[in-house]
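Okay, thanks for making room for me. I'll keep this short, so let's pull up the structure and take a look.

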Amino acid sequence: MINEKTILLLVDSFKNDADILSLINDCYESFENYHAAIYKQETYKLLNSSVKNGEIHRDTLTELDRRRTICHNAVIANVGILNRLAEMQSLPPVYDGIVSEERPHRRNIANAVFDYVEGIIKKRD
């Protein structure tokens, strides 16, 4: 689970440090970038499911999968950064699980990020 309270406390802790706030923002935005990469890949597959063969189709799927993987790896790295910033401020971790690119940890982080992004969307006014 992503600890939103820790994120807010981090922002408050570093409110006078523009560089760290920019870093936190970049980390935070990677959550949505990963979410969007998954959405783009899955909708491409759905909308192009009748294309059974074709080099362009295969190349597009390969590229979408590559982008998704890059975004996933960025999320994992950024969760680690946020956790280290939280530790520096004696705060609970942003993600209280194992931060690793190994399975099943990478999937667990992805699920936590998805839940968090979807929670943000559900709470909107």
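Let me start with a question: is Tyr34 buried or exposed? Keep in mind this is a predicted model. Tyr34 is buried, with a relative accessible area of just 3%. Its partner is Phe114, and the pair counts as stacked because the ring centres are 5.3 Å apart and the planes sit at 10°. That links distant parts of the chain, with Tyr34 in helix α2 and Phe114 in helix α4, 80 residues apart. Phe114 is buried too, at 16% relative accessible area.

Now, both of those residues turn up in the lining of the largest pocket, along with Arg68, Thr69, His72, Arg103, Arg106, Arg107 and Ala110. The volume there is about 190 Å³. Helix α4 gives the most to that lining, with four residues. By class you get four charged, three nonpolar and two polar residues.

Back to the rings. There are four aromatic pairs in the structure. One of them is Tyr28 with Tyr116, edge-to-face, 5.9 Å centre to centre with 65° between the planes. Tyr28 is in α2 and Tyr116 in α4, so this pair ties together parts 88 residues apart in sequence. Tyr116 is buried at 9%, whereas Tyr28 is partly exposed at 31%. Add Phe31, and those two tyrosines form one aromatic cluster with it.

Last one, still on α2: Ser30. At 5% relative accessibility, Ser30 counts as buried. Beyond its neighbours within four places in sequence, Ser30 is in contact with Ala74, Val75 and Asn78.

That's me done, happy to go back to any of it.

Note on methods
Residues numbered from 1 in each chain as written. Predicted model: local features only at pLDDT ≥ 70, side-chain atom pairs only at ≥ 80, totals over all residues. Heavy atoms only, no water. Helix = DSSP H or I, 4+ residues; strand = E, 2+ residues; numbered from the N terminus. Buried < 20%, exposed > 50% of the residue type's maximum accessible area, 1.4 Å probe, protein only. Contact = heavy atoms within 4.5 Å. 1 Å grid on protein atoms, 1.4 Å probe; cavity = no way out; pocket = protein on both sides within 12 Å on 5 of 7 lines; lining within 4 Å. Points joined across faces, edges and corners; volume = space filled by probe spheres on them. Nonpolar A, V, L, I, M, F, W, Y, C, P; charged D, E, K, R; others polar. Phe/Tyr/Trp six-rings, centres within 6.5 Å; stacked < 30°, edge-to-face > 60°.
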